[in-house]
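Biologist: Please take me through the charged side chains of this model, and say what each one pairs with and where it sits. I would like one connected account rather than a list.

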Amino acid sequence: MKPLQGIRIVELGQYISAPYCAMMLADQGAEVIKVERPQGGDPRRDYDPLVRAGSGQLSGGFLSYNRNKSSVTLDMSQAQDRQRYVALVHTADVVVENLRPGAVDKLGVGYEALAPRHPRLVYAAISGYGRSPRRRGPYSDRPAFDTAVQAMAGIMDVTGEVDGPPIPTVTGFCDIFAGIHAAFGVLTALRARDETGRGTFVDISMYDAAASLMERELMLAEFTGEQRQRGLDAYAPVGTFKAADGYVALILPTDEIWRRLCVAVSREDLLTRGELLTVKSRSLHFGAIIRPEINRWTGSRTRREIVEHFSAAGVPAGEVQSVREVYDCPHLRARGMYVEIDDPVVGKRRMIRTPLWLDNHDDLTFDTAPRLGADNDLVQALQLP
């Protein structure tokens, strides 16, 4: 038996955050029914990269967030389809959605409208800045995409070179992180429902989630009063060293790890240099002194040689890998992190899976993303309220 077998989820989602949340739950065996517009469906269906074959097409981005689901189409502007949606929700344990703030309430299908007749419903709403009327802020009605939230949360302000402009990190990062928190919220609410018999509203803000990732920077601001400088962590030397075939990265957060590094490269003389005696002073002189001095040792060796040597010395380090190297990584392959999806339009494609493993449960299966409206029979047979 799969861990979430028997749980039915209705996803009224688009783009990334809600679809990723629902896919995480689908990967663990939940039945996920994705509700889409009849004309075009989730906008992500038309995002590049698009692969066309015969009369069909598949978006790689859509497959990344929508495997293991069913798809039904409902025109929520039509009263009868709204009734079908409500009837479908009444068969489900969970709703996951990330429509623009106010959209479902205007349609009369939000949590406040559904809960009185379905008190066991767990309703997870993902938004840019929060949806609960109990926790409204000045930005609650703003629409949001990932890059805007990275900017708002201060992530971009600390990302990039010291003298460069703010830059975003990985695209979709805040969407996926919010989706992960939403999945955790759904499971928490389902566990609480086991005890109370009642569902709840799960309010997930992308801004909240992204700001929580800045915990260390916010703590440092509270305890030191200092503003973190972009590209420089004044309280933990962090950066890269040149290798013969690229770069390796590490962090030197303690005196002990600094000592191990100096011993590993036979540069114990650096331990007594006056400007490198504390963690903070080493942070400030990382680029000017530590990097060029350590590069003398690393520059003639490969990334693998450096990392293995540092690891043996108790210095955690990692090769800076290209995306292609991550895709071909033998460790991820040994872990089973890549699964083969067989799609009727584009054939077999290798995709990375969600990284949850439960040893004492059946191996999971991974099906392709659904064709738009492929499962409309699920709603056609429903008795309307």
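Modeller: What follows goes from the overall layout to the salt bridges, and then to acidic side chains that hold backbone nitrogens.

The model is predicted, and local features are reported only at pLDDT of at least 70, side-chain atom pairs only at pLDDT 80 or more, while totals for chains, interfaces and linings use all residues. Numbering runs from 1 along each chain as its sequence is written, and side-chain values use heavy atoms, with hydrogens and water left out.

The protein chain is divided into domain 1 (8-214 + 335-381) and domain 2 (238-320), with bounds from an automatic or database domain assignment. Taken over C-alpha atoms, the centres of the two domains are 42 Å apart.

Side chains of opposite charge can pair when their charged atoms come close. A salt bridge here is a side-chain nitrogen of Lys or Arg within 4 Å of a carboxyl oxygen of Asp or Glu. By this rule the model has 31 salt bridges. Helices and strands are DSSP runs numbered from the N terminus: H or I of at least four residues for a helix, E of at least two for a strand. For exposure, buried means under 20% relative accessible area, exposed over 50%, and partly exposed in between, with a 1.4 Å probe and protein chains only.

One of the salt bridges joins Asp-157 to Arg-230, with the closest N and O atoms 3.2 Å apart. Asp-157 is in the loop between helix 6 and helix 7, and Arg-230 is in the loop between helix 9 (215-224) and strand 9 (238-243), so this pair ties together parts that are 73 residues apart in sequence. The two partners fall in separate exposure classes: Asp-157 is partly exposed at 34% relative accessibility, whereas Arg-230 is buried at 16%.

Asp-328 pairs with Arg-350, and here the closest N and O atoms are 3.6 Å apart. The acid lies in the loop between helix 14 (323-327) and helix 15 (330-335) and the arginine in strand 13 (residues 347-352), so the bridge ties together parts 22 residues apart in sequence. Asp-328 is partly exposed, at 37%, and Arg-350 is partly exposed as well, at 31%.

Another bridge runs between Glu-319 and Arg-304, whose closest N and O atoms are 3.0 Å apart. This pair links distant parts of the chain, Glu-319 being in strand 11 (residues 317-319) and Arg-304 in helix 13, 15 residues apart. Glu-319 has a relative accessible area of 26% and is partly exposed; Arg-304, at 49%, is partly exposed too.

Helix 13 (residues 303-312) also contains Glu-305. Glu-305 and Glu-319 are 14 residues apart in sequence, and their C-alpha atoms are 9.9 Å apart in space. Glu-305 is partly exposed at 45% relative accessibility. A polar atom of the Glu-305 side chain lies 2.9 Å from the backbone nitrogen of Thr-302. That counts as a polar contact: a pair of N or O atoms within 3.5 Å, where within protein one must be able to donate a hydrogen and the other to accept it, and residues adjacent in sequence count only if both atoms are side-chain atoms.

Some charged residues join in a group rather than a pair. Arg-267, Asp-269, Arg-273, Glu-275, Glu-293 and Arg-296 are linked in a network of salt bridges.

Asp-343 is an acidic residue in a buried setting: its relative accessible area is 2%, and it is placed in strand 12 (residues 338-343). Its side chain reaches two backbone nitrogens, that of Val-345 at 2.8 Å and that of Val-346 at 3.1 Å. Contact means heavy atoms within 4.5 Å. Leaving out residues up to four places away in sequence, Asp-343 touches Leu-58, Thr-368, Ala-369 and Arg-371.

Charged side chains also occur among the buried residues of helix 3 (residues 79-89), which include Asp-81 and Arg-84. The cover over the buried residues of this helix includes strand 1 (8-12), strand 2 (31-36), strand 5 (70-73), strand 6 (94-97), helix 5 (111-114) and helix 16 (377-380).
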